[in-house]
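Please look over the sequence and the model below before reading on. The paragraphs that follow go through it one region at a time.

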Amino acid sequence: YLELRSVRQLQAELAKRGYKTKVRVSESGRRSGGKSFFTGHLYYILRNRTYLGEIAHKGKVYEGRHKPIITRSVWNEVQALLAN
């Protein structure tokens, strides 16, 4: 996203590379997922504080027990771009 600076271009690039959403199978055997990412999926991922090592719950943010997989500087840069 930081390279492309566009969620729509990111969506197109992921589709070009064949990336799909996670496939889930319910207890009844119903299958869902395995489809191309929508822009809504990507906005959700880009705003998900879990990647920063935090947990959001009922409007508050807490430090998670898990390690972050991105740096705060990357998070801040992405959030600034999304705000524009």
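Ala83 is a residue of helix α3, in what should be read throughout as a predicted model. With a relative accessible area of 65%, Ala83 is exposed, because the term applies to residues over 50%. Although Ala83 and Ser6 are 77 residues apart along the chain, their C-alpha atoms are separated by 12 Å.

From Ser6 we can turn to Arg5, which is placed in the segment before α1. The backbone at Arg5 deserves a look, since its phi is near 60°, a positive value in a residue other than glycine. Arg5 has 48% relative accessibility and therefore counts as partly exposed, the range for that class running between 20% and 50%.

A positive phi in a residue other than glycine is also found at Lys58, where the angle is near 50°. Lys58 belongs to the loop that lies between β3, residues 54-57, and β4, residues 60-63. Its relative accessibility is 76%, so Lys58 counts as exposed.

The next stop is the largest pocket, whose volume is about 320 Å³. Its lining is made up of 16 residues, and those closest to the centre of the pocket are Tyr1, Ile45, Leu46, Tyr51 and Ile70. Three helices take part in this lining with at least two residues each, namely α1 (7-17), α2 and α3 (72-83); the last of these is the helix in which Ala83 lies. What is the make-up of the lining by class? It has 15 nonpolar residues and one polar residue, while charged residues are absent from it. As for how such a space is found at all, rolling a probe the size of a water molecule over the atoms shows where empty space is left.

Ile45, already named among the residues closest to the centre of the largest pocket, is found in helix α2, which spans residues 39-46. Is Ile45 buried, partly exposed or exposed? At 30% relative accessibility it counts as partly exposed, because buried would require a value under 20% and exposed a value over 50%. Ile45 also takes part in a nonpolar surface patch of about 420 Å², which it makes together with Tyr44, Tyr51 and Ile69. Tyr51, like Ile45, is therefore a residue to examine from two sides, as both are listed in the patch and both are listed among the lining residues closest to the centre of the largest pocket.

Conventions. Residues numbered from 1 in each chain as written. Predicted model: local features only at pLDDT ≥ 70, side-chain atom pairs only at ≥ 80, totals over all residues. Heavy atoms only, no water. Patch = residues over 30% accessible without salt bridge, like charges linked within 9 Å, V, L, I, M, F, W, Y side chains within 5 Å. Areas by Shrake-Rupley, 256 points an atom, 1.4 Å probe, with all protein chains shown as cover. Salt bridge = Lys/Arg side-chain N within 4 Å of Asp/Glu carboxyl O. Helix = DSSP H or I, 4+ residues; strand = E, 2+ residues; numbered from the N terminus. Buried < 20%, exposed > 50% of the residue type's maximum accessible area, 1.4 Å probe, protein only. 1 Å grid on protein atoms, 1.4 Å probe; cavity = no way out; pocket = protein on both sides within 12 Å on 5 of 7 lines; lining within 4 Å. Points joined across faces, edges and corners; volume = space filled by probe spheres on them. Nonpolar A, V, L, I, M, F, W, Y, C, P; charged D, E, K, R; others polar.
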